[in-house]
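Hi,

Here's the structure I said I'd pass along. Have a look at it first, and my notes on what turned up are underneath.

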Amino acid sequence: PQAHIGDMKMLMAVLTTAALATAACGSSPTAGPSPLAEAPPAGTLSATPWTMPAGLDPAYVRALVGYIDPAGRPKRWEGGPFHHCFGPGIDGARRDMLEGVADQMTRLSGVPRAAAGECNVTWRIAEKPEENQPGAAANADIGNEPQIYRVTITFRAAFLVALDVATHESGHALGLGHSPVRTDTMHANYPEGTFSANERAVLAWMYGR
């Protein structure tokens, strides 16, 4: 970094914001208004019993899940095995960290990883900061379909390729929206880097785990 006072102040402000929160985290779009088909969604996953998980406040579940259709089915990943691809600048320690997040997505959902084939989960760094949503450390583009078949996760800058941000965006890829609980990883302004027990319970319900 160049030793200009103004530049250093701006960098420190951005770093502080990133450390405290993924402010205005993007998950664009979070859900579409169209209801799902009456038949269980096609894909590699077994049918899920679409009743609210026991022991959790239904209001919390509905707030946390990005979208639940009128039949009670959540919007979730249905794109087959994950094939993660990594853009320029994501290498070394950054790549190792994201590989760990990718493995966690498989552990939480039961969706396997594929070593080849079309990329359906892309991790990238924005070529220009304005390419990302204003104020967001990263955003997950999950498309408008009633289920999730592919996702592109874009970090606003290279220094924002961090565990807390990546874990939060992976939650969007799996179908989670923003949590109303401040200590949850999926809270819009307080990513922790580790999913809470309640978040894991909701994911287990979503994926029949």
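Trp123 comes out as buried, with a relative accessibility of 0%. Bear in mind that this is a predicted model, so everything below is computed from predicted coordinates.

What does Trp123 pair with? Its ring partner is Phe155, and the two are stacked, with 6.3 Å from centre to centre and 20 degrees between the planes. Since Trp123 sits in strand S3 and Phe155 in strand S5, the pair ties together parts that are 32 residues apart in sequence. Phe155 is buried too, also with a relative accessible area of 0%.

The structure has two aromatic pairs. In the other one, the ring centres of Trp77 and Phe82 are 4.9 Å apart and the planes are at 50 degrees; that angle falls between the 30 degree limit for stacked and the 60 degree limit for edge-to-face, so this pair counts as tilted. Both partners are buried: Trp77 has a relative accessible area of 1%, and Phe82 is at 0%.

Back to the strands. S5 covers residues 151-155, and four of its five residues are buried, so the strand is largely enclosed by the rest of the structure. Which strands does S5 pair with? One is S3 (residues 121-125), which runs parallel to S5 over five bridges; there, Thr122 is opposite Thr152. Another is S4 (residues 138-141), which is antiparallel to S5 and joined to it by four bridges. On that side, Ala140 faces Ile153 of S5.

Now for the nonpolar core. The largest one has 41 residues, and those touching the most other members are Leu98, Trp123, Phe155 and Val202. So both rings of the stacked pair show up again in that short list. Which elements give two or more residues to this core? They are helices H2 (58-64), H3 (92-109), H4 (163-174) and H5 (197-206), along with strands S3, S4 and S5. H3 provides the largest share, with five residues.

Val202 is worth a click as well. Setting aside its neighbours within four places in sequence, Val202 is in contact with Leu56, Tyr60, Val61, Leu64, Val65 and Leu176.

If you open just one view, I'd start from S3 and S5, with their five parallel bridges and the stacked rings of Trp123 and Phe155. After that, go to Val202 and its contacts, which include Tyr60 and Leu176.

Cheers

Definitions and conventions. Residues are numbered from 1 along each chain as its sequence is written. This is a predicted model: local features need pLDDT of at least 70, side-chain atom pairs count only at pLDDT 80 or more; totals for chains, interfaces and linings use all residues. Side-chain values use heavy atoms; hydrogens and water are left out. Buried means under 20% relative accessible area, exposed over 50%, partly exposed in between (1.4 Å probe, protein chains only). Two strands pair if DSSP finds at least two bridges between them. Rings of Phe, Tyr and Trp (its six-membered ring) pair if their centres lie within 6.5 Å; planes under 30 degrees apart count as stacked, over 60 as edge-to-face and the rest as tilted. A nonpolar core is a set of buried Ala, Val, Leu, Ile, Met, Phe, Trp, Tyr and Cys residues joined through side-chain atoms within 4.5 Å. Contact means heavy atoms within 4.5 Å.
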